[in-house]
Every structure is written in structure tokens, then in C-alpha cells.
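This note is written for a student who is meeting the structure for the first time. Please keep the sequence and the structure in view while reading the numbered points.

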Amino acid sequence: MILYEYPLHERIRTYLRLEHLSIRLHQLASRIDDLDHHFALATLFEIMDVAARADLKSDVLKDLDKQRHVLDGYRGNPAIAESVLDQVVGELDACFEALNHQAGKAGQSLTENDWLMSIRSRICIPGGTCEFDLPSYYAWQHKTGVSRQADLNQWIGTLSPLADAVHLLLKLLRDSGTPQKVMAVGGQFQQNLPSGRTFLLVRLALEVSQQLIPEISGNRLMVSVRLMRQGDDHRIQAVNEDVAFELALCS
């Protein structure tokens, strides 16, 4: 199955972008090739750009606190395992404390590193990090892979409180949705969302063998899906057949 996710709120869109970049960053940093570490730095700077939004940290802290209060409401419920509840609440508290005690925005301390900022200013320029432009960066790339990894892990650590909090919030959000089998009649599906409940994320699963691509749109009132297929000429065209797929609405 291929799982597609579509955010119904701008804050969740930002969370998904941060998660996507964080996963890529850790994969690249775990390798030892200098080219992988170059793109790890590029990803690090992308995360800093996303995290630069002034209200992001406060939004994450509010969401962590809200989730904690919601879960505390389940205490005493015989259908809830107290040990599991305590574990999740403990994770929320740990993420809240780590992020709350971090001064300024995520990665703010990295902006005080002139060497890193010199790379950041040129990495978006095509070929801007050649050895004749940044000889010190070229020298860093010739260090051992272990040495570069140590540097990367130190810089990544300044972003970890935000990344860990976002990962936990998205996990709880995804767990709130129950997948259901639905049918796209003639390749199109539309569903009105029930009032009185705010949905934040749509999750859609398609079988790989179907070779279909969903175009998802939605708001607080409705979700719409149009299924497409890429031809041999790489053009995207709408499909007309009935297709079954799994859909989960997360709130």
C-alpha cells in the first residue's frame, strides 16, 4: 500500500514538512559519505527555515499541553490501560519540558555560528559551495566520516526538541483515525465532514498495483479525491473506473 496524507490545517501542514525533513536529515547524517553530509546540511538549513516562523514553538507547546489534558480525561476509564496512558503522558511532558526550556526558536544557536551561516548563504546558489568559494567547507568535507557525523549530530541536537515534539503530536493525530473502505465512483470521491468535530488530517491508502495517484483537496466541511494515472508519456490523466481505497479522518 502507498499511504498519502493531506493536512486540513496550516499548522499540520507545517508539522508534516518538519517531519519529512527530519526523517531525511537523520537518514543522510547516519551515512559517512561527504556528499550525503552535504545534503544533510542543506536539509538542516531547510528545517531552520521552516522553524523560523515566530509562533511555531508556542503552537507546538499549546498542542502538547492540549493533548495532555485530553489524555488525563481518560483516567479511571476501565477500557484504558493506565500504564500505557502514563507512558504517553510522560512522553508529552518530556517533550514539553525539553522544548519549553530551549531558548528562542529551534536552531537559533546555529545562527550564531558564522561558519555554518556562510555555507547557508551559498548552498542555495547553483554550485555555490565549490572549493574556490568555500575552501573551509571543502576542507571540512575531507575530514573523516566519523568526525563530520559528530559535528552533524551536535547541530541536529539543537533541533531535536522540536522534531521530537512534532513527531509525537503527529503520531497521536494519526492514531485518532480509523481506516475505512470507501469507493471512488468513476475515479472521484467526495465526503461531507460531520459538524461539531474538527478534522486535521486525511490519510488515504492505495494498493501499489493500482498505479494510481490521488489528487486530494479538503477543508473543514468536505474532503474530495480525484484519482489519476501516469501514462507511458508521463502525462497525468484522470481515471474513469470505480476504485476502492482506504480513507482515515484524523482529529
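1. Valine 60 is a useful place to begin. In this predicted model, and leaving out residues up to four places away in sequence, valine 60 touches Tyr15, Leu99, Leu162, Ala165, Val166 and Leu169. Valine 60 is also listed with Leu41, Leu44, Phe45 and Leu162 as having the most contacts inside the largest nonpolar core, which has 51 residues. At least two residues of this core come from each of helix 1, helix 2, helix 3, helix 4 (82–100), helix 5, helix 6, helix 7 and helix 8. Another core lies apart from it and has 19 residues, including Ala184, Phe189, Val202 and Val225.

2. Helix 2 deserves separate attention. Does its length agree with what is expected? What span should its residues give at 1.5 Å a residue? The 18 residues of helix 2 (residues 34–51) should span 26 Å, and because the end C-alpha atoms are 26 Å apart, the two values agree. At the start of this helix, the backbone nitrogen of leucine 35 has a side-chain oxygen of aspartate 33 within 2.9 Å.

3. The surroundings of helix 2 follow from its buried residues. Among them are Asp36, His37, His38, Leu41, Leu44, Phe45, Ile47 and Met48. The buried residues of helix 2 pack against helix 1 (10–29), helix 3 (56–72), helix 5 (114–123), helix 6, helix 7 (145–157) and helix 8. As background, an α-helix has 3.6 residues a turn, so residues three or four places apart point the same way.

4. The aromatic residues form a further topic. The structure holds six aromatic pairs. In one of these, tryptophan 115 and tryptophan 155 are tilted, with 6.1 Å from centre to centre and 40° between the planes. This pair links distant parts of the chain, since tryptophan 115 is in helix 5 and tryptophan 155 is in helix 7, 40 residues apart. Is each of the two buried or partly exposed? Tryptophan 115 counts as partly exposed because its relative accessibility is 23%, and the limit for buried is under 20%. Tryptophan 155, at 8% relative accessibility, therefore counts as buried.

5. Tryptophan 155 has a second partner. With tryptophan 140 it forms a tilted aromatic pair, 5.9 Å centre to centre and with 35° between the planes. Here too distant parts of the chain are linked: tryptophan 140 lies in helix 6 and tryptophan 155 in helix 7, 15 residues apart. Tryptophan 140 is buried, because its relative accessible area is 3%. Trp115, Tyr137, Trp140 and Trp155 form one aromatic cluster.

6. Two polar residues in helices should also be examined. Arginine 174 is in helix 8 (residues 160–175), and with a relative accessible area of 16% it is buried. Apart from neighbours within four places in sequence, arginine 174 is in contact with Glu5, Leu16, Glu19, Leu201, Arg203 and Cys250. Glutamine 141 is in helix 6 (residues 135–141). Its relative accessible area is 15%, so glutamine 141 is buried. Not counting residues up to four places away in sequence, glutamine 141 touches Asp34, His38 and Arg148.

7. One last contact concerns a charge and a ring. Arginine 13 lies over the face of tyrosine 6, at 6.0 Å from the ring centre.

Notes:
Residues numbered from 1 in each chain as written. Predicted model: local features only at pLDDT ≥ 70, side-chain atom pairs only at ≥ 80, totals over all residues. Heavy atoms only, no water. Helix = DSSP H or I, 4+ residues; strand = E, 2+ residues; numbered from the N terminus. Buried < 20%, exposed > 50% of the residue type's maximum accessible area, 1.4 Å probe, protein only. Contact = heavy atoms within 4.5 Å. Expected span 1.5 Å × (residues − 1). Polar contact = N/O pair within 3.5 Å; in protein donor to acceptor, adjacent residues only side chain to side chain. Core = buried A, V, L, I, M, F, W, Y, C linked by side-chain atoms within 4.5 Å. Phe/Tyr/Trp six-rings, centres within 6.5 Å; stacked < 30°, edge-to-face > 60°. Lys NZ or Arg CZ within 6 Å of the ring centre and 35° of its normal.
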